[in-house]
Amino acid sequence: MTKASNLVIVESPSKAKTIGRYLGPDYIVKASMGHLRDLPKSKMGVDLEHDFTPQYIPVRGKESLIKELKAEANKADTVYLATDPDREGEAISWHLKELLALSDEKARRVTFNEITKKVVQEAIQHPREIDYNLVDAQQARRILDRIVGYQLSPLLWKKVRRGLSAGRVQSVATRMVVDREQEIRDFQPKEYWTIDVTLNRIGKPGSFVAHYYGSPKKQELETQDQAEQILTDVQGKEFSVSNVKKSEKKRTSPPPFTTSTLQQEASRKLGFTPKKTMMVAQQLYEGVEVAGEGTTGLITYMRTDSLRLSDEAMGEAARFIKSRYGEDYYYGSFHTFKTKSGAQDAHEAIRPSHVELEPERVKQSVTPDQYKLYKLIWSRFLATQMANAIFDTVSIDTECAGHVFRASHQSMRFSGFMSVYEEGRDDEAEAVGSALPDLTVGEHVSLAKSQKEQHFTQPPARYTEATLVKAMEEKGVGRPSTYAATISTIEDREYVVKQDKRLAPTPLGEIVTGLMKERFQDIIDVEFTANMESRLDAVEEGKQPWKKLLADFYQDFSKELQDAETALEGVRLKVPEEETDEVCELCGRKMVIKMGRFGKFLACPGFPECKNAKPLVERMPGRCPKCGSGILKRKSKKGYAYYACEKGAECGFMTWDVPTAEDCPECGQTLFKKSGKGRMKPFCINEKCSRFLPEDQRGYYKKKESASDSAENTAETQKEEPKKAPAKKTAAKKTAAKTTEKKTTTKSAGKKKGA
């Protein structure tokens, strides 16, 4: 067998597998598993006194991989650095070149906007040099974030609480959530009224509802007196039709997905977090094993803010639409979209690699989450090249005593792109109204019924993850590659929490944001952060020296830091404690939630006089199947959720299955469901019930066991991460075992973590 003379280095094993299949035996494809060289975690790693020189070191734990790649690189004639096509990917390629000591002639840079055979082979035939402007832009971003994080976070530890962090983008994102909450608190509702009238045709069948419009110009009714006066004016009088307007309304398809819009739509339609969306999109980009196709990259690169589509892709879509839906459903020409000012146009918009690979064709080859996201991307792309949807609209104005009432309706005449895709909305959908009778100007109608209703203006809604991504994009905070990580970080740090799927600031988030506003106005300023992103773009374009950017930033930042240290000398900011309804059984005070070394717990606010404390538990729906008491959600020492009777050891019941609010129609006991995410059908765990579902049929993956282990404990199972399954006796089991035999626990107690 001929020795391979070329080494290709990518970031992930799945991408390596896909690309290796396309390149053949002359190429060895290896994965770097992300970064192999980075700033040290234990210290700043940036020489602030000497031109911000970074001190890069090999990533700990990757020594054997580095050794393997060096050996392969030494044997190869050419090393193709094929990391992701963005700033970070360019920087990883540069780090690989330096780490493997590759010459400029030997190291060649290649990028793939989509991982298909044609694109991969063409890219290998046309390599380029590393783009050092991209590398410098990424270095500048990395060092900026390191300076802020490593110098500002310790101040938060001293003045607020250990374990906190600050960052250029995350602090601004937190501020946006805090500011929105303040808007909601400051909001003063205003009263307004609406009037609806039901009108009947005179001498002909047909009635319709019209809404008060104005007298005759558009007018808002601010008081009940105004509404009642109008109703008095029209009572017992005929209405006449003053205007009938019929028109055609066209709706154009939304543009193809960018990173931001994909995250927003996946949140609205699929309930995915931005982090999950990007994880699944990465899998689709790198390649999945498709029956009949082999390992195939299903979508183009998913970190982009460009709306550009290639002529080839639009041509494929045109042919598909004409053959599948007919000529009338095609847009008629390539439908292009203008990318917004300031967006990076290095890559296409997100689209399927091959439009012929319909979602149903790949459904059996991908996971449910991959299928849902692929279908969303495929449908949106196809819709961009389809004809406009056409609606017939009619608006009828009726007049009485100088007051105008308007009724409107629209109906779809031609579905166009909407036969494939309809964009989700964050606000309420526009009402289309009921069908209207065929009226003519001058026709008289009679008042059958009237109704006035009081309303109040509503405060702005809290951000969802989707609307926060949208706001960050509009304000220029962060870049496509940072949105998901930023939102995940502020949730993990407990600066914000989800309440009814919307983001609310925690007391901790408000305290930290208040401190940042007072002492670090630039870091927390939306415009300053957006301007910094523009300057990083200028570095990428070769228009701004990256070390000059760092010097300008650090000059002001270091002064703010010194001033803050002086002003806050001896000050410790107290985070307000969250009061609960649980009463301390020792002194009668309402217990509060506190944060400890191992997470949140309940404590008496009377400390140190009263030192009562207990674990924070969540009450679940349903009843204990052993004694009928309540069920509590608890966590084991390893962090896995389990469910136990509120009587604890006195009862001894515990399970990894999740109790539901439903009762078994056969035996009346609480139904449970498999732990984990997604829709799961509830089942009965009562062995005496005819609807009892045995443990091995509940959908958990079996743990590989030796024959002796299997004989000893056939119920031991696990789910997604076999190595992380809890030991047979968690802390919760040990507690229950003090007074109860192990056999009192349910068979389902051998599972891993709960929902």
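These are my notebook entries on some helices and sheets of a predicted model.

**Ground rules.** I noted that the model is predicted, that local features need pLDDT of at least 70 and side-chain atom pairs count only at pLDDT 80 or more, while totals for chains, interfaces and linings use all residues. I also wrote down that residues are numbered from 1 along each chain as its sequence is written, and that side-chain values use heavy atoms, with hydrogens and water left out.

**Entry 1, helix H1.** I looked up H1, residues 13-23 (helices, H or I, of at least four residues and strands, E, of at least two are DSSP runs, numbered from the N terminus). I found Lys-15, Ala-16, Thr-18, Ile-19, Tyr-22 and Leu-23 of H1 buried, where buried means under 20% relative accessible area, exposed over 50% and partly exposed in between, with a 1.4 Å probe and protein chains only. Seen down the axis of H1, these buried residues fall within an arc of 170 degrees (taken from the directions from the helix axis to the C-beta atoms), so they line one face of the helix. I reminded myself that an α-helix has 3.6 residues a turn, so residues three or four places apart point the same way. The buried residues of H1 pack against several elements, including strand S1 (6-10), strand S2 (27-31) and helix H4 (117-125), with contact meaning heavy atoms within 4.5 Å. Just after H1, I saw that Gly-24 takes a positive phi of about 90 degrees.

**Entry 2, the parallel sheet.** I traced an open sheet of 4 strands in the order S2-S1-S7-S8, with parallel pairing; two strands pair if DSSP finds at least two bridges between them. S2 and strand S8 (107-109) are the edge strands, each pairing on one side only. From one strand to the next, the twist averages 25 degrees, with axes being lines fitted to C-alpha atoms, for helices over the stretch in contact, and angles running from 0 to 180 degrees between N-to-C directions. Strand S7 (residues 78-81) is joined to S8 by 3 bridges in the parallel sense, and Val-79 has Ala-107 of S8 as its bridge partner. H1 packs on this sheet, touching S1 and S2, and its direction makes about 170 degrees with that of S2. Helix H2 (residues 63-75) also packs there, touching S1, S2 and S7, and the direction of H2 makes about 160 degrees with that of S2.

**Entry 3, the antiparallel sheet.** I then followed an open sheet of 4 strands, S23-S24-S25-S26, with antiparallel pairing. Strand S23 (618-620) and S26 stand at its edges with a single partner strand each, so one side of each is left without a neighbour in the sheet. Strand S24 (residues 631-635) pairs with S25 over 5 bridges, where Arg-634 is partnered by Tyr-642 and Lys-635 by Ala-641. S25 and strand S26 (residues 654-655) share 2 bridges, and Thr-655 in S26 is the bridge partner of Tyr-643. I found 5 of the 5 residues of S25 (residues 641-645) buried, so this strand is largely enclosed by the rest of the structure.
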